[in-house]
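The following paragraphs lead the reader through a structure of two chains, one part at a time. The sequence and the coordinates should be kept in view throughout.

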Amino acid sequence: MDFRQKLESKYREILTNYLADRSEQALYQGQKLSRNAIERNIPPEEIVSIHRNIMAEMFPEKFNDRMQESFDILLEVMVAYGFAYREHQNLKHIQQELRTEMEIAANVQKTLLGTEIPCKKDMDIGAISVPAKHMNGDYFNFVEDENNSVSIAIADVIGKGLPAALCMSMIKYAMDSLPENRKTPTLVLENLNRVVEQNVDLTMFITMFYGTYHIDHHIFSYASAGHEPGLFYHAETQTFSELPAKGLLLGIEKNTKYRKYEKEVMPGDMIILMSDGVTESRTKEGFIEREELLALIEKNIHLKAQNIVQNVYKELEKLQDFQLRDDFTLIILRRNV
Amino acid sequence: MNINIDVNHNQNITEVTVGGEIDVYTAPELKKELIPLSEKDNVEMIVDLSGVSYMDSTGLGVFVGLFKNVRAHDGQFKIIGLSSRLKRLFEITGLADIIDISTKMEGEKK
């Protein structure tokens, strides 16, 4: 017996039972039957048709031609429901496919954009980057140079999700393909600006901060393309100040020039870099204030850089009820005492 | 999360008033309404954001797009009514140097 025949005999049984005693039990079996039929992709009009045939068989006299014909209308009406239902099934299927693809893409992105936090004996470095959705629109990358320096790039693609992630991969490869002697902060930004300007959508742009820490002289030189300003912690006075940096976003004007800034780093000093997901953290009471962020860092300042960034993230995540609105990236570079 | 967009054509000037929140959910609507307006030659557009309570970088993206479009069509683009928080966003991103974000209304100037 194929499923349709089984369905028909089961339906007949339920209908007969119900007409005999109008029991709840029969109604419940009807519900169960409909779930089975849905799983087997039986359209609703087919059930109506089964109902009509059985009724005609069971009550040849009472269920007359007029009554039978009335079911034609019901059948016709149910056809549309059947279509809608099949479409819904299709979409569910497509959605599942997309979700799987998205997960694969997120993994590919992780591999493509992966970077290792350098281990230098004079420095303590910590970094955390957490996407608000599947794909991270924030990006950071460490590069160690032969002349004992560590470079850090931190970028945020405006726009979120998949388009932002694709754009990020482009940036990463443009940056990797720059020759060694063109990797000063200003030249990196000027080169990337041209790449972005030519290649992205009108409303898409990128903020980026690029800095190089020269370990031999303890000088941090950097430039910014519209990126969220970094912070500097002076160990001696135990105070924070903003890392001044001005520069236009990447991808707006073709020939933008970027200014180079330099900062001398004393033992215990910290350079704190972030994406706007940190400063745009929103709680029920409003945005978190800069002071709150500084207080969080200060509270953890005795810890290793990696533990500081992790603890600050955890606390801000908690303040936002564990719902990130934006990708979150926080990086700390500290000169060891 | 809501956004109100009001467009007024006053002689040659396109006046846009935006209120509410501009974020990843509302930005597409803003983009759909405003981008076509920015694609006319010599368009003069003034956008009033004094009613905006929140804007994230997606919103900023829409204004960058508008600005680029208007400039490509030899027009003029201006944003007014920025709160201090929004003003900071334009300053950090360097956009304050290329987009006119004077806080005064047209006519008060000079």
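In what sequence do the elements of chain B run from the N terminus on? The order is β-β-α-β-α-β-α, which comes to three helices and four strands. The radius of gyration of chain B is 13 Å, close to the 13 Å that the globule rule gives for 110 residues, so chain B is as compact as a globular protein of that length. It should be said at this point that the model is a predicted one.

Further values describe chain B as a whole. Its C-alpha trace spans about 30 × 30 × 20 Å along the principal axes. Of the 110 residues in chain B, 38% are buried. When contacts between residues at least 6 apart in sequence are considered, 66% of them join residues at least 24 apart.

The strands of chain B may be followed from the N terminus. Strand β1 (residues 3-10) of chain B pairs with strand β2 (residues 13-22) of chain B in the antiparallel sense, over eight bridges. Within this pairing, D6(B) stands opposite T17(B) of β2(B). The hairpin of β1(B) and β2(B) has two residues between the strands, and Q11(B) takes a positive phi near 50 degrees there.

Strand β2(B) also pairs with strand β3 (residues 44-55) of chain B, in the parallel sense and over nine bridges. Here G19(B) has G51(B) in β3(B) as its bridge partner. Between these two strands the chain passes through helix α1 (residues 27-34) of chain B, and the resulting β-α-β crossover is right-handed.

Attention now turns to chain A. One open sheet of five strands in this chain has the order β2-β3-β4-β5-β8, with antiparallel pairing. Its edge strands are β2 (138-145) and β8 (261-264) of chain A, each of which pairs on one side only. On average, neighbouring strands of this sheet are turned by 15 degrees against each other, direction ignored. Strand β5 (residues 219-225) of chain A is joined to β8(A) by four bridges, and the two run antiparallel. In this pairing S221(A) stands opposite E262(A) in β8(A). Helix α6 (residues 185-199) of chain A packs on the sheet and touches β4 (206-214) and β5 of chain A; the direction of the helix makes about 155 degrees with that of β4(A).

Another open sheet of five strands in chain A follows the order β1-β12-β9-β6-β7, with antiparallel pairing. At its edges stand β1 (123-130) and β7 (239-242) of chain A; each has a single partner strand, so one side of each is left without a neighbour in the sheet. Neighbouring strands of this sheet are turned by 15 degrees against each other on average, direction ignored. Strand β1(A) is joined by eight bridges to strand β12 (residues 328-335) of chain A, and these strands run antiparallel. V130(A) has F328(A) in β12(A) as its bridge partner. Helix α9 (residues 305-319) of chain A lies across β1 and β12 of chain A and runs at about 30 degrees to β1(A).

It remains to consider where the chains meet. How many residues does the contact take from each chain? Chain B contributes 18 residues and chain A contributes 19 residues. On the side of chain B that touches chain A, helix α2 (residues 57-72) of chain B gives the most, with nine residues. The residues of that side of chain B divide into seven nonpolar, seven polar and four charged.

Methods:
Residues are numbered from 1 along each chain as its sequence is written. Chains are lettered from A and ligands numbered from 1 in the order in which they are written. This is a predicted model: local features need pLDDT of at least 70, side-chain atom pairs count only at pLDDT 80 or more; totals for chains, interfaces and linings use all residues. The radius of gyration is taken over C-alpha atoms; the globule rule is 2.2 Å times the number of residues to the power 0.38. A residue is buried if 20 or more other C-beta atoms lie within 10 Å of its own, exposed if 12 or fewer, and partly exposed in between; C-beta atoms are placed from the backbone. Two residues are in contact if their C-beta atoms, placed from the backbone, lie within 7 Å. Two strands pair if DSSP finds at least two bridges between them. Axes are lines fitted to C-alpha atoms, for helices over the stretch in contact, and angles run from 0 to 180 degrees between N-to-C directions. Ala, Val, Leu, Ile, Met, Phe, Trp, Tyr, Cys and Pro count as nonpolar, Asp, Glu, Lys and Arg as charged, and the others, Gly among them, as polar. A crossover is right-handed if, with the strands pointing away from the viewer, the path from the first strand over the helix to the second runs clockwise.
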